[in-house]
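Work through the two exercises below with the structure open beside you, and try each task before you read its solution.

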Amino acid sequence: MRLVILGGPGAGKGTQAQLLCSDLSIPLLAVGDILRGAIASETDLGKLAMPYVETGELVPDAAMIQFFRQRLLLWDVFNGWVLEGYPRTAFQAEELDFLLDDLAQQLDWAIWLKVPTEVLLSRSIERDRSDDSPEILQRRLDLYHEQTIPILDYYEHRNKLLIINGDQPPEKVQQDILKIVNSH
């Protein structure tokens, strides 16, 4: 099973992605963790990504697609994966589809954790990670609304979008996701 988790900052993408990986026994590709690790290790991707991550901007598409092209060829993702934190734009979603076609793979579902903006904001403030300053949080929310919302149309048009109420306890969200994923 190949899944993408979508949602605003604080929607619970990381939590749900980890639970899904555990339930489905497939690896998690968490872009935030990957980028933070690349920055800490000072890899080529890390050096390129650092100025963008530090200001809450998106890492350039070409760099991310190149990274995924290499990552999706590794043996551990052969039976599937959960991708969290990417794609974030309709263009990235289309590029990911082209890449998957090249690799003779196909996305099963894009799962959108639908959470009201005010809940996203309060969750992000509670979470209080070092990169969650009010300015960066606001920038992330602005980017989310500008760029991520059109991605929903992209996946809906391809009959790949699952909309899940993310404003409920994590266990209930997970049950809802598994119920729909397993019934298709």
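**Exercise 1. The second largest pocket**

Task: In this predicted model, find how many residues of each class make up the lining of the second largest pocket, and which helix gives the most to that lining.

Solution: Sorted by class, the lining of the second largest pocket holds five nonpolar, two polar and five charged residues. Among the residues that line this pocket are Glu94, Asp97, Phe98, Tyr154, Tyr155 and Arg158. Turning next to the elements, helix H5 (90–102) and H7 each supply at least two residues of the lining, and H5 gives the most, with five residues. The space in this second largest pocket comes to about 150 Å³.

**Exercise 2. The faces of helix H2**

Task: Determine which residues of helix H2 (residues 31–41) are buried, and explain why they line one face of the helix.

Solution: Begin with the rule that a residue counts as buried when its relative accessible area is under 20%; in H2, Val31, Leu35, Ala38 and Ile39 are buried. When one looks down the axis of H2, these buried residues fall within an arc of 100°, and therefore they line one face of the helix. The general background is that an α-helix has 3.6 residues a turn, so residues three or four places apart point the same way. As a further step, look at the face of H2 that is turned away from the buried side, where the exposed residues Ala40 and Ser41 are found. Finally, ask what covers the buried residues of H2: the cover includes strand S2 (28–30), helix H3 (44–55), helix H4 (61–71) and strand S3 (81–84).

Technical notes:
Residues are numbered from 1 along each chain as its sequence is written. This is a predicted model: local features need pLDDT of at least 70, side-chain atom pairs count only at pLDDT 80 or more; totals for chains, interfaces and linings use all residues. Side-chain values use heavy atoms; hydrogens and water are left out. Buried means under 20% relative accessible area, exposed over 50%, partly exposed in between (1.4 Å probe, protein chains only). Helices (H or I, at least four residues) and strands (E, at least two) are DSSP runs, numbered from the N terminus. The arc is that of the directions from the helix axis to the C-beta atoms. Contact means heavy atoms within 4.5 Å. On a 1 Å grid over the protein atoms alone, a cavity is a set of points where a 1.4 Å probe fits but cannot get out, and a pocket is an open set with protein on both sides within 12 Å along at least five of seven lines; lining residues have an atom within 4 Å of a point. Grid points are joined across faces, edges and corners, and a volume is the space filled by probe spheres set on the points. Ala, Val, Leu, Ile, Met, Phe, Trp, Tyr, Cys and Pro count as nonpolar, Asp, Glu, Lys and Arg as charged, and the others, Gly among them, as polar.
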